Amino acid sequence: MVQDLSRHCKESVIVIIDYQAGNLTSVVRSLKALGVEGTVTQDPAVVAQATRVIFPGVGAAGKAMATLRELGLDQALRQSFQRGIPILGICLGAQVILEHSEENDTVCLGLLPGRTRALSRSEGLKIPHMGWNRVRFLRAHQIFKGLPEGAEYYFVHSYYPAPAETTMVVGVTDHGIEFPCAIGWRNLVATQFHPEKSGRFGLQILENFLAWDGSDAE
Amino acid sequence: MLSKRIIPCLDVRDGRTTKGIKFRNNVDIGDPVAMARLYYEAGADELVFYDITASSDRRNIMIDVVRRVAAEILIPFSVGGGIRNLNDMRDVLLAGAEKVSVNSAAILDPALISAGAQAFGSQCIVLGMDVKRVTPCPTTPSGYEMVIHGGRTPMGIDALWWAQEAVRLGAGEICLNSIDADGTQAGYELNLTRMISEAVPIPVIASGGAGTPEHLHQVLTQGRADAALIASMVHYGTYTIKGIKDYLAQRHIPVRLIW
């Protein structure tokens, strides 16, 4: 499978967007574990050549959006989305794809309708939501194929993405409230958890993403 | 529901894993990279590395360990010990760690916490606390005092106050180590753990004293810890991570059971 992937990806350019929001080495390393080289870039021109985009990140929405605009990566991401190539947002990258974030009251990319909201600190619950948690999948999606029931994924965040349409929510997780943690819409998928830090099940998601044609058919 | 994390801790001296009792008499127990791989495969939820190297070129040795560990495992890990400034943090994070743990340096210079949180995000900054039980007095009303330099230097700073202050400065997590319990395998300091965990809004990892799965059960329930650090009980093969998790799951503690 890994060999097939690397052959498939020879003509492809997998771009990992670097907008100074956290450390991208674990994403690069996970791709390497799948036999694939990712190109880490801050350059919109490189993003324009991508056949597949990974949009990770940790940190604050306000600073992230400011950096994306400064580097011209906001436009590059919009164009990638419009070109229909597969895009994977991770953590902060799953939040700023929406229209707005409660964090720093930030206007975001607006690739899909909805808002990023703060997890509320209810009785006995710690914020950030940090650690391993289960995902309840609401519907099938190509990039979440082959994952066992009861698998857990690594989360570390204080905000969560809330798309406007429930059909965009592929999976939810529970931390005081049930919140969306997996999103799928057209050629865009996004996870609030970190596949690159979620052991072999996380790796499976990345492998599925590399094989995905960007269609939202089940 | 969020699982309680089981976190093996590897003390690294000159590139090797060691284990001491109450911070003394460290014995060599193996290659940290190989051990990281084993624990990853055995179901560890996260790993912690403490650099207790004394030599002058410590940074290069540790960065090399971090880089090699990062290539072997797909779970988060943190690195502590000798993190003194933003450059030290950056080196460790770029080498592949998810978090850095600051301890002595943060007490001597609390701005290190806020600077780290601003530069890398709160989720990266773990406050390591080495705590000793004392008779309550005006400077340490909680009855727990902060101690630095590997347990040698009492600071006259109250542990409860410091935990709350570190949260205010931007720490994203606390790794709470009881020096009285460390290496004894007689159980965690439940009173201390509960006091700190209830006083802060961020996750608390209990450390020091784990000897049996029952000790983990106690600290995750009575102690209100979000995660438990273990060392001796798995380093010497007395228990497996799976065995510990099965024990906890039977007692209705949420733990990650498949990996």
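Here are some notes on the predicted model above, point by point.

1. Ground rules. Because this is a prediction, local features need pLDDT of at least 70 and side-chain atom pairs count only at pLDDT 80 or more, while totals for chains, interfaces and linings use all residues. Residues are numbered from 1 along each chain as its sequence is written, chains are lettered from A and ligands numbered from 1 in the order written, and side-chain values use heavy atoms, with hydrogens and water left out.

2. The eight-strand sheet in chain A. Helices (H or I, at least four residues) and strands (E, at least two) are DSSP runs, numbered from the N terminus; two strands pair if DSSP finds at least two bridges between them. On that footing, eight strands of chain A make an open sheet of mixed pairing, in the order β2-β1-β3-β4-β14-β13-β12-β9. Its edges are β2 and β9 (136-137) of chain A, each pairing on one side only.

3. Around β1 of chain A. This strand (residues 14-17) pairs in the parallel sense with β3 (residues 52-55) of chain A over three bridges, and A:Ile16 has A:Ile54 as its bridge partner there. With β2 (residues 39-41) of chain A the pairing is parallel too, over three bridges. Across that border A:Ile16 stands opposite A:Val40, and A:Ile17 is opposite A:Thr41. Which way do the side chains of β1(A) point? A:Ile14 and A:Ile16 go one way, A:Val15 and A:Ile17 the other, and all are buried (buried is under 20% relative accessible area, exposed over 50%, partly exposed in between, with a 1.4 Å probe and protein chains only).

4. The smaller sheet to check in chain A. Four strands form an open, mixed sheet in the order β6-β5-β7-β11. The edge strands are β6 (106-107) and β11 (159-163) of chain A, each paired on one side only. Inside it, β5 (residues 100-101) and β7 (residues 114-118) of chain A run parallel over two bridges, with A:His100 opposite A:Arg115.

5. A:Thr173. It belongs to strand β12 (residues 169-175) of chain A and is buried at 2% relative accessibility. A polar atom of the A:Thr173 side chain lies 2.2 Å from the backbone oxygen of A:Arg134. For contacts (heavy atoms within 4.5 Å), leaving out residues up to four places away in sequence, A:Thr173 touches A:His129, A:Asn133, A:Arg134, A:Val135, A:Phe155, A:Glu178, A:Phe179 and A:Cys181.

6. Aromatics. Rings of Phe, Tyr and Trp (its six-membered ring) pair if their centres lie within 6.5 Å; planes under 30 degrees apart are stacked, over 60 edge-to-face, and the rest tilted. That gives 11 aromatic pairs over all chains. Why is A:Phe209 with A:Trp212 called tilted? Their ring centres are 6.2 Å apart and the planes sit at 45 degrees, so the pair lands in that class. A:Phe209 is buried at 0% relative accessibility, and A:Trp212 is buried with 1%. There is also an aromatic cluster made of A:Tyr153, A:Phe155, A:Tyr160, A:Phe179 and A:Phe193.

7. Charges over rings. The test is NZ of Lys or CZ of Arg within 6 Å of the ring centre and within 35 degrees of the ring normal. A:Arg52 puts its charged end over the ring of A:Phe209, 5.7 Å from the centre. Between chains, B:Arg256 does so over A:Trp132, at 3.7 Å from the ring centre.

8. Nonpolar cores. A core here is a set of buried Ala, Val, Leu, Ile, Met, Phe, Trp, Tyr and Cys residues joined through side-chain atoms within 4.5 Å. The largest has 117 residues, and B:Phe49, B:Phe77, B:Ile113, B:Met129, B:Ile174, B:Leu216 and B:Ile230 touch the most other members. Another core, of 31 residues, lies apart from it and includes A:Val15, A:Ile17, A:Ile97 and A:Ala190.

9. β1 and α8 of chain B. Strand β1 (residues 5-13) of chain B has eight of its nine residues buried. It pairs in the parallel sense with β12 (residues 227-230) of chain B over four bridges, and with β4 (residues 47-51) of chain B over four bridges. Helix α8 (residues 213-221) of chain B is mostly covered, with seven of its nine residues buried. Those buried residues pack against β1, α7 (190-199), β11 (204-207), β12, α9 (232-235) and α10 (241-250) of chain B.

Key: A polar contact is a pair of N or O atoms within 3.5 Å; within protein, one must be able to donate a hydrogen and the other to accept it, and residues adjacent in sequence count only if both atoms are side-chain atoms.
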